[in-house]
Amino acid sequence: MKRKPTNANNIKKADLSLLDFLKQSNTVPGKIVFFENIEGLDTSGYFYLQGLALFLIEKGHSTIEVNTTTYELEKGCIFVVFPGQIIHVISISNDIKPLCIACSIDMMNDLMSQVKDSLQLFQHAKQSPFQQRDGEEFEQIKKSFRHIQEKIKVTKGNRYHYQIIKNLVISTAFECIDILTEKCIEPQGSNRKKALFNAFLQKIEENHRENHSVKYYADELFITPKYLSTVIEEMSGKGAKQWIDEYIALDAKVLLQSTQKDIQEISNELNFIDVGFFGKFFKRMTGMTPKAFREKKE
């Protein structure tokens with residue numbers, strides 16, 4: 001079992017250029033990389049993901065941490081990671097054999113623009129990014145991955161190369177997301193309320209570090225804070241403020257764990273009035289002080 005040394009001084013940016021040198025990789029330049037061999041890839045330290053990656057594990061085992069949650073990946077698993085997540089590979093077995101489709105953020109946005117309720121689907125997959133599958137179901141997904149791999153090769157001279165591959169990736173992503181989200185309960189409500197919920201989640205993802213109040217998001221969406229809170233509670237079972245606070249708390253945990261920034265710096269980065277207020281917020285959300293959380297992880 002290979003153990004990867006931890007270096008939390010810096011978070012490295014991980015985009016498609018990181019994978020360009022891999023052997024046995026196939027690419028749609030700047031959009032998609034398909035690979036099944038990670039030999040030579042430096043997986044030490046922490047990575048800030050700048051793309052979307054769908055993984056299948058054909059053989060071997062890896063322990064990976066995504067935004068402070070640890071997953072054990074082994075043969076037959078389907079796993080997805082999203083832009084903006086912090087990845088830390090804790091260990092990789094010597095016999096690891098993954099299949100991976102990695103897409104740039106531009107490619108992911110292109111996919112999302114063509115898929116109804118895509119943001120909602122991705123939110124569900126973020127909450128449940130891992131499923132273990134064996135037998136025929138896993139083999140079918142694997143065939144879809146291999147089909148994309150082959151089409152990347154044989155359609156390179158086709159003027160519709162990107163469109164062909166993009167549609168195959170959409171199809172395969174749906175196969176994977178259906179498995180990942182099979183236990184998720186779809187929120188009930190009108191199309192207007194669903195659209196509002198999706199827009200709210202998008203706004204939080206983009207602005208939660210700078211803006212912590214429900215009023216800010218209500219103003220951005222041209223509705224009252226009371227109406228926003230009512231709809232979000234109805235759609236998700238959680239209040240609007242709870243959603244905002246959970247995004248901020250997750251960022252705080254990631255920064256405490258994956259960087260050596262002091263607590264004052266993290267408080268400033270997350271736009272708290274002062275470090276004392278940040279400490280109270282963090283303890284309310286996690287039951288621990290920022291210092292205790294960091295020391296426990298160390």
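# A guided tour from Leu 255

Begin by selecting Leu 255, which lies in helix 8. The model on display is predicted. Leu 255 counts as buried because its relative accessibility is 4%, under the 20% limit. Show the residues around Leu 255 next: leaving out those up to four places away in sequence, Leu 255 touches Arg 209, Ile 266, Glu 269, Leu 270 and Arg 294. Then add Thr 68, which is 187 residues from Leu 255 along the chain; the C-alpha atoms of the two are separated by 9.7 Å.

From Leu 255, move to Thr 259, in the loop between helix 8 (240–258) and helix 9 (263–269). Which backbone atom lies 2.6 Å from a polar atom of the Thr 259 side chain? It is the backbone oxygen of Leu 255. Thr 259 has 8% relative accessibility and therefore counts as buried.

**The whole chain**

Zoom out to the full cartoon. The chain has eleven helices and twelve strands. Of its 298 residues, 49% are buried. Among contacts in the chain with a separation of 6 or more, 72% are between residues 24 or more positions apart.

**The nonpolar cores**

Select Ile 32, Ile 101, Phe 122, Phe 145, Ile 165 and Val 169. The largest nonpolar core has 34 residues, and these six touch the most other members. Colour the contributing elements next: strand 4 (32–35), strand 6, strand 9, strand 11, helix 1 (105–113), helix 2 (118–127), helix 3 (136–154) and helix 4 (161–180) each give two or more residues to this core. Helix 4 provides the largest share, ten residues.

Centre the view on Ile 165. Setting aside residues up to four places away in sequence, Ile 165 touches Val 28, Ile 32, Ile 148, Lys 151, Ile 152 and Thr 155. A second, separate core holds 30 residues, including Phe 200, Leu 228, Ile 232 and Leu 255. The starting residue of this tour, Leu 255, thus appears again here.

**The largest cavity**

Turn to the internal spaces. The structure holds four cavities of 30 Å³ or more, and the largest contains about 520 Å³ of space. To find this cavity, select Phe 35, Leu 41, Phe 55, Ile 87 and Val 89, which are the closest to its centre among its 31 lining residues.

Which elements each supply at least two residues of the lining of the largest cavity? They are strand 5 (46–49), strand 6 (51–59), strand 7 (61–66), strand 9 (77–81), strand 10 (86–92) and strand 11 (97–104). Strand 6 gives the largest share, five residues. Colouring the lining of the largest cavity by class shows 25 nonpolar, four polar and two charged residues.

**The largest pocket**

Select Asn 67, Gln 85, Lys 126, Tyr 247 and Leu 250 to reach the largest pocket; of its 47 lining residues, these lie nearest its centre. The largest pocket holds about 1,300 Å³ of space. Strand 8 (69–74), helix 1, helix 2, helix 5 (191–207), helix 8 and helix 10 (275–286) each supply at least two residues of the lining of this pocket. Helix 8 gives the most, with nine residues. By class, the lining of the largest pocket comprises 21 nonpolar, 15 polar and eleven charged residues.

**Three loop residues**

Select Lys 238, found in the loop between helix 7 (225–236) and helix 8. Apart from neighbours within four places in sequence, Lys 238 is in contact with Ile 232, Glu 233, Trp 243 and Glu 246. Display the side chains of Lys 238 and Glu 246: a polar contact of 2.7 Å joins them.

Two further stops concern backbone geometry. Most residues other than glycine have a negative phi. Phe 222, in the loop between helix 6 (214–220) and helix 7, has a positive phi, near 60 degrees. Is Phe 222 buried or exposed? Phe 222 counts as exposed because its relative accessibility is 77%, over the 50% limit.

Finish at Asn 271, in the loop between helix 9 and helix 10. Phi of Asn 271 is also positive, near 65 degrees. Asn 271 has a relative accessible area of 43% and is therefore partly exposed.

Methods
Residues numbered from 1 in each chain as written. Predicted model: local features only at pLDDT ≥ 70, side-chain atom pairs only at ≥ 80, totals over all residues. Heavy atoms only, no water. 1 Å grid on protein atoms, 1.4 Å probe; cavity = no way out; pocket = protein on both sides within 12 Å on 5 of 7 lines; lining within 4 Å. Points joined across faces, edges and corners; volume = space filled by probe spheres on them. Helix = DSSP H or I, 4+ residues; strand = E, 2+ residues; numbered from the N terminus. Nonpolar A, V, L, I, M, F, W, Y, C, P; charged D, E, K, R; others polar. Buried < 20%, exposed > 50% of the residue type's maximum accessible area, 1.4 Å probe, protein only. Polar contact = N/O pair within 3.5 Å; in protein donor to acceptor, adjacent residues only side chain to side chain. Core = buried A, V, L, I, M, F, W, Y, C linked by side-chain atoms within 4.5 Å. Contact = heavy atoms within 4.5 Å.
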